[in-house]
Amino acid sequence: MTDRLKTCLIVDDSKMIRRVASRILRDMSFTPSEAENGRAALNACKTTMPDAILLDWNMPIMDGLSFLKALRKEPGGKDPVVLFCTAERDVIKIAEALDAGADEYVMKPFDSDIIESKFFETGLV
Amino acid sequence: MSNQLSLKPSYYEALKRLTLELAGIQLGDEHTFLVETRLSALARKEGFDNLSDMIEELFSRGQTRLAVHVVSSLLERASQFFEDRTGYETLGDKLLPALHPIYKGETLRILSYGCSSGQEVYSTAILADKFAQALPNMTVEITGVDFSSWALERAKIGKFTHFEVQRGLPIRHLIEYFKRDGEDWVVKENLRKAVRFVDHNLLSNPEVLGKFQVVMFRGKLQYYSPTATVSVMRYLSKLVSPGGYVMLGSDETLGKLNYGFDRQKIAPGCYQKPKIELPKETPETSSDATQKHTANLIYEYGEQNATDSDAA
């Protein structure tokens, strides 16, 4: 039997961040996909629920926190491991993200070691 | 030798000897890039125009303080929170519960031997705090020791960069045990109170440190020369109380020289000292001897260099 590569949806309004994160995730043997805001991400999840989501906070149309709250109410929406990946470093904001259902939290700027370490925390790698 | 190094080969050889004698660490030709980058940074910090000027000063004037800074710059290791997680699982799930009935009502002492910038010490303190409810009436004291260095000074302050706190440290632990300080994160006072740090050369007699029930010496054997490994392990064995444990890295073993420890099947890299105390060895050196030893090494090199110059 062949193991399926794990999928990760990158949700960020910055094309540069999506590109960098995609490269890091491919190196970690994930199959990445991209969405540029929370609404597009929610639509993507309704079609196919990914194994993991790398989620920005501040985005137009639908922000990361609103997306996460909506995702967790969807059928199968509690399954994906969600890593908030944002420039927000305020402890209150971090706690808010965790209360909304984030599994881990990455503070920008990040590098491949941090992403790998955080995915390891969640038990996904 | 690699041509990456701007130092004269004789100086590089002297640096290798100094590092080996003072800290037991064997520098190879593959370390030229590390030597160049770390010591160039130190030279700037010390106010020298370049690396060669600093090394010239070190070996011509025999500055003990500078020698210690040079060696400690070369020894600094990248360290992560909860690195080699198997060891922490062993400590939390097996060793602490096994030691709890014996040390209930007392203080259990854990040592991080070669603690670098302190991540292992603080990770252990977090683990002990998490287990405090399950293992009541036992105080856990955690000590970190290492060669005097900038890394050890940072460990004492408990301040870590944005990148350091994101490698191995779960976010829930970060917000519970650390507070923001500008771009960095600082360990909260309640966790700092559970730990202490001591400047100590692992090649010197450790008796002043007392006895410990668990000594963590993980992922470090590879850096020591064969001779230094024997010295370090002999000293380490003096630190472990009868029935206490040594934890090496999960991929490390003591080999045939077991230094009086019994290998444990409960986890890889885990050894226990027999409960009956073995006869004491005679102390060889004290930590004070390090300074004299450093001065002698520099002096010897200066003498040798002067003789070579005279001959030329």
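## Chain B at a glance

In this predicted model, buried residues account for 41% of the 312 residues of chain B. The chain is built from 11 helices and 10 strands. If you look at contacts in chain B between residues at least 6 apart in sequence, 77% of them join residues at least 24 apart.

## Two domains in chain B

Let's split chain B into its parts. The domain assignment gives domain 1 (9-75 + 287-311) and domain 2 (85-272). Notice that domain 1 is written as two stretches of sequence, 9-75 and 287-311. The C-alpha centres of domain 1 and domain 2 of chain B are 30 Å apart.

Where do the two domains of chain B meet? On one side are 11 residues of domain 1, in contact with 16 residues of domain 2. Three helices of chain B, α1 (9-23), α4 and α11 (288-311), each supply at least two residues of the domain 1 side. Of these, α4(B) gives the most, with three residues. Sorted by class, the residues on the domain 1 side are six nonpolar, five polar and no charged.

## A kinked helix

Helix α5 of chain B covers residues 85-103 and is worth finding on your screen. This helix has a kink of about 40°, centred on L91(B). L91(B) is also one of the buried residues of α5(B); the others are G87(B), Y88(B), T90(B), L95(B), L96(B) and L99(B).

What do the buried residues of α5(B) pack against? Their partners in chain B are one helix, α6 (119-131), and the strands β1 (107-113), β7 (212-216), β8 (240-247) and β10 (270-272). Just after α5(B) comes G105(B), which has a positive phi of about 85°.

## The nonpolar core

Now for the inside. The largest nonpolar core contains 118 residues. Those with the most contacts inside this core are L54(A), L55(A) and F84(A), together with V215(B) and V246(B). Helix α4 (residues 64-75) of chain B contributes the largest share, seven residues. Why does the core lie between domain 1 and domain 2 of chain B? Both domains give residues to the core, so it lies between them.

V215(B) makes a good place to zoom in. Leaving out residues up to four places away in sequence, V215(B) touches L111(B), Y113(B), L236(B), L239(B), V240(B) and V246(B). One of these neighbours, V246(B), is itself among the residues with the most contacts inside the core.

## Meet chain A

Chain A has five helices and five strands. Following the sequence, you meet them in the pattern β-α-β-α-β-α-β-α-β-α. The radius of gyration of chain A is 13 Å, close to the 14 Å that the globule rule gives for 125 residues, so chain A is as compact as a globular protein of that length.

Along its principal axes, the C-alpha trace of chain A spans about 45 × 30 × 25 Å. Of its 125 residues, 40% count as buried. For contacts in chain A between residues at least 6 apart in sequence, 60% join residues at least 24 apart.

## Where the chains touch

Finally, how many residues does each chain bring to the contact? Chain B supplies 10 residues and chain A supplies 13 residues. On the chain B side, helix α8 (residues 171-177) gives the most, with three residues. By class, the side of chain B that touches chain A has four nonpolar, three polar and three charged residues.

Notes:
Residues numbered from 1 in each chain as written. Chains lettered and ligands numbered in written order. Predicted model: local features only at pLDDT ≥ 70, side-chain atom pairs only at ≥ 80, totals over all residues. Core = buried A, V, L, I, M, F, W, Y, C linked by C-beta atoms within 7 Å. Buried ≥ 20, exposed ≤ 12 C-beta atoms within 10 Å, placed from the backbone. Helix = DSSP H or I, 4+ residues; strand = E, 2+ residues; numbered from the N terminus. Domains from an automatic or database assignment. Contact = placed C-beta atoms within 7 Å. Nonpolar A, V, L, I, M, F, W, Y, C, P; charged D, E, K, R; others polar. Rg over C-alpha atoms; globule rule 2.2 N^0.38 Å. Bend = angle between axes of the 7 residues up to and from the residue.
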